[in-house]
Amino acid sequence: MEDRPLTVEHVYQEHATTIGKWIARLGGPNIDVEDTMHNVFLTVERELRRFRGDAKLSTWLYAITLNELRSSRRRERFHNLFRSAENDTLEVADSRLLPDD
C-alpha cells in the first residue's frame, strides 16, 4: 500500500456505502439519507487534514456520522417547535378592558 495523502474522493469511494447504511440504520425511517450523507462529507472535507490516524478512519467517520445525525435531530426538533407555535392560536385580550374591570 502506497503512502499518499488521504483525499475526500478516496474516502467517498471507499466508505460512502457503509456511511449510507449507518445513516439509514441509525437515523430512523424519516431520515433523508442523501442530505445527511452530503453533510457528513462536507465535514469530512473540512476536517480531513486534521485526521492524524490515531483511530481507524472508519471509527472517525462513524463519529462524524453520529454527530451529524444528532445535529439533524436537534434541527428537526427546533423546526417542529416553531411549526407547532405558528399553528397555535393565541387568544388576545380585549384591549378595551382595563385591569380594574
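# Three helices and a shared core

Of the 101 residues of the protein, 26% count as buried, where buried means under 20% relative accessible area, exposed over 50%, and partly exposed in between (1.4 Å probe, protein chains only). This is a predicted model: local features need pLDDT of at least 70, side-chain atom pairs count only at pLDDT 80 or more, and totals for chains, interfaces and linings use all residues. Residues are numbered from 1 along each chain as its sequence is written, and side-chain values use heavy atoms, with hydrogens and water left out.

Start with the fold. The protein has three helices and zero strands. The order from the N terminus is α-α-α. Helices (H or I, at least four residues) and strands (E, at least two) are DSSP runs, numbered from the N terminus. The accessible surface comes to about 8400 Å², by the Shrake-Rupley method with a 1.4 Å probe; for residues, only the protein chains shown count as cover. Carbon and sulfur atoms hold 50% of that surface. Contact means heavy atoms within 4.5 Å. Among contacts between residues at least 6 apart in sequence, 62% join residues at least 24 apart.

Next, the core. A nonpolar core is a set of buried Ala, Val, Leu, Ile, Met, Phe, Trp, Tyr and Cys residues joined through side-chain atoms within 4.5 Å. The largest one here has 15 residues, and I19, V44 and L61 touch the most other members. The elements that give two or more residues to this core are α1 (8-27), α2 (33-47) and α3 (57-87). Helix α3 supplies the largest share, five residues. In soluble globular proteins, nonpolar side chains tend to be buried together. What does L61 touch, leaving aside residues up to four places away in sequence? The list is V11, H15, I19, W22 and V44.

Now follow α1. Its buried residues are V11, H15, A16, I19, G20, W22, I23 and G27. The helix has 20 residues, yet its end C-alpha atoms are only 23 Å apart. A straight helix would reach 28 Å at 1.5 Å a residue, the expected span being 1.5 Å times one less than the number of residues. Where does α1 bend? The bend is at H15, by about 60 degrees. That angle lies between axes fitted to the seven residues ending there and the seven starting there. After α1 comes G28, with a positive phi near 85 degrees.

Aromatic rings come next. Rings of Phe, Tyr and Trp (its six-membered ring) pair if their centres lie within 6.5 Å; planes under 30 degrees apart count as stacked, over 60 as edge-to-face and the rest as tilted. A search of the whole structure finds three such pairs. In one of them, W22 and Y62 have ring centres 4.9 Å apart and planes at 90 degrees, so the pair is edge-to-face. The pair links distant parts of the chain: W22 sits in α1 and Y62 in α3, 40 residues apart. W22 is buried, because its relative accessible area is 14%. Y62, at 30%, is partly exposed. F51 and W60 form a tilted pair, with 5.0 Å centre to centre and 45 degrees between the planes. W60 has 19% relative accessibility, so W60 counts as buried.

Turn to where α2 and α3 meet. E68 lies in α3. Is E68 buried or exposed? E68 is buried, because its relative accessible area is 10%. Not counting residues up to four places away in sequence, E68 touches T36, N39, V40 and R75. T36 belongs to α2 and counts as buried at 4% relative accessibility. With that same sequence cut-off, T36 touches I23, I31, E68 and L69. The C-alpha atoms of T36 and A24 are separated by 9.6 Å, with their positions twelve residues apart along the chain counted as the spacing.

Finish with two residues that have more open surroundings by their accessibility class. L42, in α2, is partly exposed, with a relative accessible area of 37%. L42 and V8 are 34 residues apart in sequence and 9.3 Å apart in space, C-alpha to C-alpha. R49 is in the loop between α2 and α3. At 65% relative accessibility, R49 counts as exposed. R49 and T7 are 42 residues apart in sequence, and their C-alpha atoms lie 8.9 Å apart in space.
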